[in-house]
Every structure is written in structure tokens, then in C-alpha cells.
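Please find my notes on the model below. They are set out as numbered points, covering helix packing and then the ligand sites.

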Amino acid sequence: MRLGVLTSGGDAPGMNAAIRAVVRQADALNHEVYGIYRGYQGLLEGDWAPMVSRSCANILQRGGTILHTDRCPEFFRPECRAEAAERLRKAGIEALVIIGGDGSFRGAEALHREHGIRCAGIPGTIDNDLPGTDRTLGFDTALNTAVEAIDRIRDTASSHGRLFLVEVMGRSSGMLAVHTAIACGAEAVLYPESPDDTYEALVSQLHANWIRGKRSSIVVVAEGDGVGSAMAVGDRLKRDYGMDLRVVVLGHVQRGGSPSAMDRIWGSRWGAEAVRRLGAGERAFYLGEVAGALVAQPMAKVLEPRPVPPRELGALVGVLAR
Ligand code: ADP
Ligand code: F6P
């Protein structure tokens, strides 16, 4: 079998571990692998090259993706997916391994449904917002990066008795925000899926903390929160209450860096499993982890609603800040 592997959407630590496992498991089973550059953009352009085991030396511990990644608006158009399928057929590439998030899997689902291209998905996004898996590559690393940064902020926040609003990534998902908030003992968290998020609720929570004697607070704000960005909420608090607060946007620092051991292990397991299943003739699936076990889901499961952070975790932040 000749297969292609690509990374798509936002990069995530652990993608290189998955690429390495795809190539080396394929080598062990005598399959050929082509590395496709810049996600679906490279697929549309035929920008690919053969990969062998030595192509993946010394990448396991590196963040980012050696195949590069991109967002490719053309891939939303059925006629462009038809061109991509034709290119794959001409090159004799029978199946694809797609490492990415829900958008990348939606593209794979369409490519399979419309043109029968066999597709295996490996969850790779720091957002951890795919249905049917408890984990995605990069989330564990990004979470630890955010927590380490906020631990540092905590030192200066408590020294000055200041409020800090710290923005973490997650345009449409609060998974990273809520888990970061628990792990760094934040006083409050704002995230897009929260039914209780209001400016007034935040103010009354901060006020209650002040009455209890807390002189410094950390509020974790997800990038896509409905109340506003950390900057917008900070400006409003300054205007309304004249608070001496500071805003920190962690940004892409969360996307880079050496993957955690768990991201390396799951990248390795999923990469190898994807190749074994494609080799056995499976057609359209993505891999995941549920309650510690490796699972496979039909690719169409990506069309189901995204998971939201467990409500009790959001509530726990307030309880533990007492
Ligand atoms: P992620 O995979 O991290 O969620 P995006 O949502 O940006 O990242 O999607 C990555 C790429 O996947 C898009 O730029 C596009 O090429 C492709 N894609 C996303 N959604 C679809 C869709 N509904 N149909 C076809 N292709 C899609
Ligand atoms: O999907 C991963 C993610 O990091 C989101 O959390 C964030 O909203 C988005 O990508 C930012 O993407 P970029 O800066 O690459 O456009």
C-alpha cells in the first residue's frame, strides 16, 4: 500500500511523534509513505515526497510539525476536493493519515464520502474538542505550559496584591481554560460554553474574594469567551472600578515546545495504529482515547457536537478559590 500523511489546522506538540510512528510502522509492514506538506494545501498542489524511517530521525521530542501545516479555504469547495482525489489516484496514493483537529477531519470525511479515499484521523489540536476522544495531541503539553506560566504570574500577583486576567487559547472551546484554571488555583474562569459566564457574576466573585481577605486574584479567560477577551474584560473592570489590574495573553507560546511524555506516547500509539488499520482495509475512522483505552471512531462522528468542559469543573474553580 502507498499512503500519504499530512498535518492540518493549528500545529500541536505531539504531531511529530505521530508522523514518526506512521512512517516507521509503515516501514515495518512494507508500505510506502509520502509526506504531504502544508496540509490540504499541499494535497491540492501535489506537494509531497517519499518518507523513510531516517526522514523522522530526532523529531520525537520536537514541537511543531516537520510536514508544516496550513489552513486551506479551497478545500471547502467540492470541486477542489475532486481535484485532490484525482491527484491522489494518479500518484497511486490509496489512503491518507490526517493529523489535525475537527476541521481537518471534516475535510477528510467529505473526501471519503465523495470520492472513496480511505482516511485515518489522528487527533492533533491543543483545544481537546473532538467528539469521541478524551484526549487530543498537544492538549497535555499546552496545559502544562499555561500552568507553568501562570505559576510565575502568581508570584508577582501576590507580591503586588493585583488582579491578573490571563488569556489562554480556545476560540470556541473552554477545555484548556477550565483545566488550566483548576491546575493553577485560579479564582475564576471565563469560557465560551459556560452558561453562568457574565460580567456581573465575575465582579461578585471577585468582590466575595476581597471580603474573604484575598488581595490578589487570577482569572483565566478563554480566547473565545462570550464576556470578551481578557483585554476587553480588563478595560471594563478598570473603567468601572479603577482596579490596578494586569492582562497577560499567553498566545502561541501554548502551541510550541517539546511535547509532554503523554503526547509523545499517544502520538506514537495512534500513528502506528492508523497504519495497521489502513493496512487491514479499514476505510474512514479516527483514533482516540476513552477511559485510558485506545479507540477508533467512524470518521463521520466528527460531525457530532463538540464536547464541552464538564460543568462541575467550572464550578469547582469557584469552590476551591474560597
Ligand atoms: P483544525 O483541524 O485544527 O480544527 P481548521 O478548522 O482550521 O483546523 O481546519 C483545517 C482545514 O481543514 C481547513 O483550512 C480546511 O482546509 C479543512 N476543513 C475544515 N472544515 C472543513 C469542511 N467542513 N469541509 C472541508 N474541509 C474542511
Ligand atoms: O485550534 C487551535 C488554536 O490554537 C485555537 O485554540 C486558536 O483559537 C487558534 O488555533 C488560533 O489559530 P491561528 O493563530 O493559527 O490562526
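1. In what follows, contact means heavy atoms within 4.5 Å. The model is a predicted one.

2. On that basis, the helix 1 side of the pairing with helix 9 consists of A17, A18, R20, A21, V22, Q25 and A26. Facing these residues, helix 9 contributes D263, R264, G267, S268, G271, A272, V275 and R276. Sorted by class, the contact of helix 1 with helix 9 holds 7 nonpolar, 4 polar and 4 charged residues.

3. As to geometry, helix 1 spans residues 15-28 and helix 9 spans residues 261-279. The two pack at an angle of about 35°, and their axes are 7 Å apart. The crossing of helix 1 with helix 9 is right-handed.

4. A second pair is helix 7 (residues 199-211) with helix 8 (residues 230-241), where the packing angle is about 65° and the axes are 12 Å apart. Helix 7 likewise passes helix 8 in a right-handed crossing. Helix 7 brings Y199, E200, L202, V203 and L206 to this contact, and helix 8 brings V233, R236, L237, D240 and Y241. By class, the contact of helix 7 with helix 8 has 7 nonpolar residues and 3 charged ones, with no polar residue.

5. Turning to the ligands, which residues come nearest to ligand 1? Of the 15 residues around ligand 1, these are R71, C72, G101, G103 and S104. Backbone and side-chain atoms both appear among its polar contacts: a polar backbone atom of G101 is 3.0 Å from an oxygen atom of ligand 1, and a polar backbone atom of G103 is also 3.0 Å from an oxygen atom of ligand 1. For D102, an N or O atom of the side chain is 3.2 Å from an oxygen atom of the ligand. Taken on its own, ligand 1 has 550 Å² of accessible area, of which the protein covers 81%.

6. Ligand 2 is surrounded by R71, T125, I126, D127, M169, G170, R171, E223, H252 and R255. R71 is thus listed for ligand 2 and is also among the residues that come nearest to ligand 1.

7. Polar contacts of ligand 2 include one with D127, where a side-chain N or O atom is 2.7 Å from an oxygen atom of the ligand. A polar side-chain atom of R255 lies 2.9 Å from an oxygen atom of ligand 2. G170 takes part through a polar backbone atom, 3.1 Å from an oxygen atom of ligand 2. The protein covers 79% of the 400 Å² of accessible area that ligand 2 has on its own.

Terms used. Residues numbered from 1 in each chain as written. Chains lettered and ligands numbered in written order. Predicted model: local features only at pLDDT ≥ 70, side-chain atom pairs only at ≥ 80, totals over all residues. Heavy atoms only, no water. Axes fitted to C-alpha atoms, helices over the stretch in contact; angles between N-to-C directions. Helix = DSSP H or I, 4+ residues; strand = E, 2+ residues; numbered from the N terminus. Left-handed = near helix turned anticlockwise from the far one by under 90°. Nonpolar A, V, L, I, M, F, W, Y, C, P; charged D, E, K, R; others polar. Near = heavy atom within 4 Å. Polar contact = N/O pair within 3.5 Å; in protein donor to acceptor, adjacent residues only side chain to side chain. Areas by Shrake-Rupley, 256 points an atom, 1.4 Å probe, with all protein chains shown as cover.
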